[in-house]
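User: I'd like a close look at one small part of this model, and then a walk outwards from there. Keep it relaxed, please.

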Amino acid sequence: MAENTPFFDEMRRASGVRMPYEDYSTWFDKQDVARLAQKSEEAERFFRRTGITFNVYGQEDAEERLIPFDLVPRILSNSEWTKLARGVEQRVRAINAFLHDIYNRQEILRAGVVPRSLIASNDAFLPQMMDFTPPGGVYTHIVGTDIVRTGENEFYVLEDNARTPSGVSYMLENRETMLQMFPELFSQIKVQRVSDYPKNLRASLEASAPPNCEGRPFVVVLTPGIHNSAYYEHSFLADQMGVELVEGHDLRILDGRIAVRTTRGYRTVDVIYRRVDDAFLDPLSFNPQSMLGVPGIMDIYRSGSITIANAPGTGVSDDKAIYSYMPEIVEFYTGEKAILKNVETHRCSEPDSLAYVLENLSELVVKEVHGSGGYGMLVGPAASKEEIETFRQKLKARPANYIAQPTLSLSTVPIFTEKGLAPRHVDLRPFALVSPGEINIVPGGLTRVALTEGSLVVNSSQGGGTKDTWVLES
Amino acid sequence: MLGKTAGGLYWMFRGLERAENTARLIEAGFRIALTRSTDPASDWRSVIVTSAQQAAFEARYDAYTSQNVSNFLLRDPMNPSSVLSVIKSARDNARLVRTALTTEVWVAVNETWMVLTDLLGHTIPDAELPQTLEAIRQQSALVRGALYGTMLRNDVYNFCRLGTFVERADSTARIVDVKYHALLPSPAYVGSRMDNVQWEMILRSVSAHRSFRHAVQDDYNAANITEFLILDPRFPRSLAFCAQRITENLEALQIEYGDESPSLNAARALQSRITDRDIASIFDEGLHEFISQTIIDVAATGSTIEKQYRFTS
């Protein structure tokens, strides 16, 4: 059981149940396992019926999958969370300052803190964003920072996800499901609410509206359409915020503004929460084949008449090579030491690092610099000899395309199985909302869990599940 | 409301209505082919003709059998009007307009899609056909009930209803059109066995064989069946009833939006052409001519709605 593994289990230590889990553990011990199993099936039926599914790319559209939901919550104490939230806020503040700097005076490059080559060679860097400040100075309206834990006070940021982080709908649905399944639990244990997120998201987007907006800002969510893997989330968020969900072909340019086609003609749009990647946003500026965007929207954007959230070009800070400089970036812009740690990162573009990485492939996690979603990575300890050799060739062919990190001993939280509780590795994605006035972080976030015993990959596209995440009131 | 959303709602409910109408049609055909017929192939052909898909059917199947017809109309993915295809597209439309629907309506449509995808996933033996058709009807009732019970009476609701009644008017008109020979009041044929079978088939295909008896209190004859299908304002599938509902929903939209409404003008014209007369004058005009013109007018009203409310750019 957990006590004998080298991993930090967040619920049970050799010394007993950890403090944040005490009340839950007491409750759990009184539960009938058969009843819980039945609840678990009910939850799955509920998700299916309500269509809380995601599409898997490259498969027939019949393939709509559920993200498995585990009914044991991941629980953080108030003080653990306070520290995490301060760390996330600091990091998000630094990222926005960094983006503004990179797209304007580039002082951090002049100061030699971050090498110029990392920007020049970065596909996510958009020259179209140079010498321009988005409305309110906000670049990353929504950030979903991936955090892992390895010990009592050991938290690491794994990725910053400053483009269009997804998963917040699962955070909200998971809580809703828990409330329905175990209402009595929430009367016994005081958990901080997450349900204000849609309201806060809308307020945050409205606060970032362009200066020439008249009256209450008109906000829309821009989706690539019903076949996108995250479509459920797009429609869910639009619905919860009470705003329209649009596709590119619903929008056009009218009198220098972006307008949406309604049953009564065209209406001006002020803020676009876009879930369409940069490359597809404007066929005139980026990918000319794109059918998902709005031709000419970048011109309107640069004229200051529309807010695009997140701003185009924020991916430059998502890059894993940039990530390795994040402690320096935080210090450069905030004048403070980073509260949250970075994972030690070997840049394979540097010959010494490359040699070390090639030497230690079976111990390391190797990632593509621009990759995401758990694709294109090597988890050394879990890989076969053949997989390691294949990866070695890729690495030698394009070293600058990769970084490597030690395999972290990710913390575990128990999941519910037929045989009782069993520890599985987890990560955490808190969601930060940035508006000109403030940074608002929803208590908790999305906990992803690797359901396969021993697995370290939590991505939903690769067999991961989710848990409700609790931050205790006190 | 977004034009796209209005279009999604309208087409979603056209699809659901079409699925239900197809199930009715098969039910009528099945009943007659099984119990009354000396020539089942011709009864099944008549089902296909009524669904206006003779050419498409004959291109894909070589014989009019219950198996082929039910395959084609219920579950053929190559047939865009099969129940399976229209339910899938209705559900895609529901996903598209998810934010305009209540959770109840969305769940009902999603569940309909889940249940029917499962049921129609394999060939349906004749013995299972009645339960399958029953499931299609029940699922439609579920969606309709959720719509009635939970949706605000606003433009969203109006576009849903417009889809339903435009599709239904078209469907009833086509049934009359295909059978108009049987519905002509020709003394030489009245009471012949052939006509009785045809009439029952017609009434069954609009689920009206019982309500006709209650409402009309008379034996079947060509004139009173035709009058019932076209003019009876009590019968929810009559052309008069559908035209009335189309007009009402467009009036509501006109009041809510306050704009000039070409669709409303078209609907009012359609309605008065149907209801400002009695059955005798329809026969005078020529039943076939009258129905052909009605089908054209319904389609024209539909496309005026699409254009006026900017379903597409």
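Is A:Pro135 buried or exposed, and what is its relative accessible area?

Analyst: Keep in mind that this is a predicted model. A:Pro135 is buried: its relative accessible area is 9%, and the cut-off for calling a residue buried is under 20%. You'll find A:Pro135 in a loop of chain A, the one that runs between α5 (116-120) and β6 (142-144).

Now for the company that proline keeps. If you set aside the neighbours within four places in sequence, A:Pro135 is in contact with A:Ser208, A:Ala209 and A:Pro210, and also with A:Tyr301, A:Ile306 and A:Thr307. There's a C-alpha distance worth a look here too: A:Pro135 and A:Ser305 are 170 residues apart along the chain, yet their C-alpha atoms are separated by 8.6 Å.

Staying in chain A, look at the peptide bond from A:Ala309 to A:Asn310. That bond is cis, with omega near -10°. Most peptide bonds are trans. A:Asn310 sits in the loop between β15 (307-309) and α12 (320-323).

Another loop residue in chain A makes a nice companion to the proline. A:Gly444 lies between β24 (439-441) and β25 (446-450), and A:Gly444 is buried, with a relative accessible area of 0%. Not counting residues up to four places away in sequence, A:Gly444 touches A:Trp81, A:Leu428, A:Pro430, A:Thr469 and A:Val471. Take A:Pro430 from that list: A:Gly444 and A:Pro430 are 14 residues apart in sequence, and 5.9 Å apart from C-alpha to C-alpha.

Over to chain B. Chain B has 16 helices and 0 strands. With 313 residues, a compact globule would have a radius of gyration near 20 Å, and chain B agrees with that at 19 Å. Along the principal axes, the C-alpha atoms of chain B fill a box of roughly 55 × 50 × 35 Å. Buried residues account for 57% of chain B. Of the contacts in chain B with a separation of 6 or more, 66% join residues 24 or more positions apart.

For a helix pair, try α8 (residues 155-178) and α13 (residues 239-257) of chain B. These two pack at an angle of about 155°, their axes 9 Å apart. α8(B) and α13(B) are therefore roughly antiparallel to each other, as an angle over 145 degrees counts as such. The crossing of α8(B) past α13(B) is left-handed. On the α8(B) side, the contact residues include B:Phe159, B:Leu162, B:Phe165 and B:Val166, while those of α13(B) include B:Phe241, B:Ile246, B:Leu250 and B:Leu253. Sorted by character, the residues of this contact come out as 14 nonpolar, 3 polar and 5 charged.

Finally, two backbone oddities in the loops of chain B. Most residues other than glycine have a negative phi. B:Ala52, though not a glycine, has a positive phi of about 60°. B:Ala52 is found between α2 (40-50) and α3 (54-60) and is partly exposed, with a relative accessible area of 49%. B:Ser207 isn't a glycine either, and has a positive phi of about 50°. The loop of B:Ser207 connects α10 (193-205) and α11 (209-216), and B:Ser207 is partly exposed, with a relative accessible area of 36%.

Note on methods
Residues are numbered from 1 along each chain as its sequence is written. Chains are lettered from A and ligands numbered from 1 in the order in which they are written. This is a predicted model: local features need pLDDT of at least 70, side-chain atom pairs count only at pLDDT 80 or more; totals for chains, interfaces and linings use all residues. Side-chain values use heavy atoms; hydrogens and water are left out. Axes are lines fitted to C-alpha atoms, for helices over the stretch in contact, and angles run from 0 to 180 degrees between N-to-C directions. Helices (H or I, at least four residues) and strands (E, at least two) are DSSP runs, numbered from the N terminus. Angles under 35 degrees count as roughly parallel, over 145 as roughly antiparallel, 65 to 115 as roughly perpendicular and the rest as oblique. A crossing is left-handed if the near helix is turned anticlockwise from the far one by less than a right angle, and right-handed if clockwise. Contact means heavy atoms within 4.5 Å. Ala, Val, Leu, Ile, Met, Phe, Trp, Tyr, Cys and Pro count as nonpolar, Asp, Glu, Lys and Arg as charged, and the others, Gly among them, as polar. The radius of gyration is taken over C-alpha atoms; the globule rule is 2.2 Å times the number of residues to the power 0.38. Buried means under 20% relative accessible area, exposed over 50%, partly exposed in between (1.4 Å probe, protein chains only).
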